[in-house]
Amino acid sequence: MAVNKPVQDSWRAQTLAVRGGTKRSEFGETSEAIYATSGYVYEYAEQAEDAFKDRVDRFIYSRFSNPTVDMFQDRMALMEGAAVGKATATGMAAVFASMASMVQAGDHVVGSRALFGSCLYILTEILPKWGVETTIVDGTDLNQWEDALKRPTKCVFVETPSNPGLDIVDIKAVSALAHKAGAKVIVDNVFATPLLQKPLELGADIVVYSATKHIDGQGRCLGGMVLGDADYCENTLKPFLRHTGPSLSPFNAWVMLKGLETLDLRIRRHCENARQIADYLETRSDLVKVRYPGLSSHPQHELAAAQMTDFGSLVTFSVEGGKERCFRFMNALKLIDISNNLGDSKSLMTHPATTTHQRLSVEDRESLGLDDGMVRLSIGLEDPADVQDDLDQAFAAAAKA
Ligand SMILES: Cc1ncc(COP(=O)(O)O)c(C=O)c1O
């Protein structure tokens, strides 16, 4: 007999991260099992018919559902405070499915400009090709949201803090405006993680993640998640996922389950280390600007403090002297890796203007404050003193040449 201890209402986030969603098999395994199977068998043909006609709830095919993936979905839903979570193969599959499952030609969608490049591409290139009209606003300007939401709107897409500029969008205020326009609010909560910001409690309707980032947190595999209410997830999102097939593999779901178990520990340390590095960077006179939502110099520090419990692992700064000196600085790093990934235990640095955001026009990059000297630094779990030493020596090397 399986030994399954039911989730208690009193369990706190960290307990849910370790135990939520666990479903033990008859073998009573301690750790969640990996159900590496594409299909499931039936004793009788009638059982298959009942399953396909939705007369019984059971596993049919792993493109639709899988027990390991289910555990990951249930754990995430419990942590997020959402009715349902649906996993996807990547964060982009989650972002795309969250919108594509609900829109049709003639609909209007509003998004903030400060988005990860591929998210902006969906809004400005893919959806318009299908007859969906999109309006892009400065996410930090409530007047622009108000103007854009004067007309009926299907959904609103925001990322906060944003990649890479760390802009903060006021989730509560935007949700209130969006709901008046009949729109569902989707928040890409990648930089905050389920531990630092609860968009649903602030009024949003749907939360999306790239689980590739802090949820795995150790740079091993890709994954995504969409979370929301039962009606949206079961009646809108589920058929879209089932028939288009961006399913998460059971192995990757298992890695994510294990990642969630240590998320709280890692995020506390990431935030502590990032704070230390941001404070250090602010003391350097050779930087044009340092951005970290936890610094009082961040233009939206108060809003960040009101809607987040801590400020995350990402810091951005601009190296004076533009691209050339910036590349010299990056090439001199001896510990921090040059990589466009983030949320990893290893500290990683990217130059957004030539990588993640290279598709944007110069004007768009300028409007996001994304200059040629800007780097995004994802602070890892190394000793922050070593990260600081590495930055120090790389600044010195870049200044010499
Ligand atoms: C904010 C944000 N959303 C979505 C994604 C896409 O996630 P994935 O790479 O897992 O598809 C990323 C990836 O960097 C991201 O930073």
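**Ligand shell, core and domain contact**

Biologist: How do the residues of the shell around the ligand divide into nonpolar, polar and charged?
Modeller: A residue is near the ligand if its C-beta atom, placed from the backbone, lies within 6 Å of it. Ala, Val, Leu, Ile, Met, Phe, Trp, Tyr, Cys and Pro count as nonpolar, Asp, Glu, Lys and Arg as charged, and the others, Gly among them, as polar. On that basis the shell has six nonpolar, six polar and two charged residues.

Biologist: Which pLDDT do local features need in this predicted model?
Modeller: Residues are numbered from 1 along each chain as its sequence is written. The model is predicted: totals for chains, interfaces and linings use all residues, side-chain atom pairs count only at pLDDT 80 or more, and local features need pLDDT of at least 70.

Biologist: Which helix gives the largest share of the shell around the ligand?
Modeller: The shell has 14 residues, and T90, G91, M92, S210 and T212 come nearest. Helices are DSSP runs of H or I with at least four residues, strands are E runs of at least two, and both are numbered from the N terminus. The largest share, three residues, belongs to residues 91-100, helix α4.

Biologist: Where does the largest nonpolar core lie?
Modeller: A nonpolar core joins buried Ala, Val, Leu, Ile, Met, Phe, Trp, Tyr and Cys residues through C-beta atoms within 7 Å. Buried means 20 or more other C-beta atoms within 10 Å of the residue's own, exposed 12 or fewer, and partly exposed in between, with C-beta atoms placed from the backbone. The largest core has 109 residues, with V156 and V315 making the most contacts inside it. Both domains give residues to this core, so it lies between domain 1 (13-261) and domain 2 (264-400).

Biologist: Which residues does V156 contact, leaving aside neighbours within four places in sequence?
Modeller: Contact means C-beta atoms, placed from the backbone, within 7 Å. With those neighbours set aside, the partners of V156 are V110, V174, A178, A183, V185 and I186.

Biologist: Which element supplies the largest share of the side of domain 1 that touches domain 2?
Modeller: Domain bounds come from an automatic or database assignment. The domain centres, over C-alpha atoms, are 27 Å apart. The contact takes 27 residues from domain 1 and 32 from domain 2. On the domain 1 side, α1, α5 (117-129) and α8 (193-196) each supply at least two residues, and the largest share, three residues, comes from α8.

Biologist: Is T193 buried or exposed?
Modeller: T193 lies in helix α8. Its phi is positive, about 70°, although it is not a glycine. T193 has 26 C-beta neighbours inside 10 Å, so it counts as buried.

Biologist: What is omega for the peptide bond from N163 to P164?
Modeller: The loop between β4 (155-159) and α7 (171-180) holds P161, and P164 lies in that loop too. T160 and P161 are joined by a cis peptide bond, with omega about -5°. The bond from N163 to P164 is also cis, with omega near 5°.

Biologist: How many residues of helix α2 are buried?
Modeller: Helix α2 covers residues 45-52, eight in total. It lies largely in the open, because the number buried is zero.

Biologist: How far apart are the C-alpha atoms of A2 and V288?
Modeller: A2 sits in the segment before α1 (13-19). A2 has 10 other C-beta atoms within 10 Å, so it is exposed. V288 is 286 residues away along the chain, and the C-alpha separation is 59 Å.

Methods: Contact = placed C-beta atoms within 7 Å.
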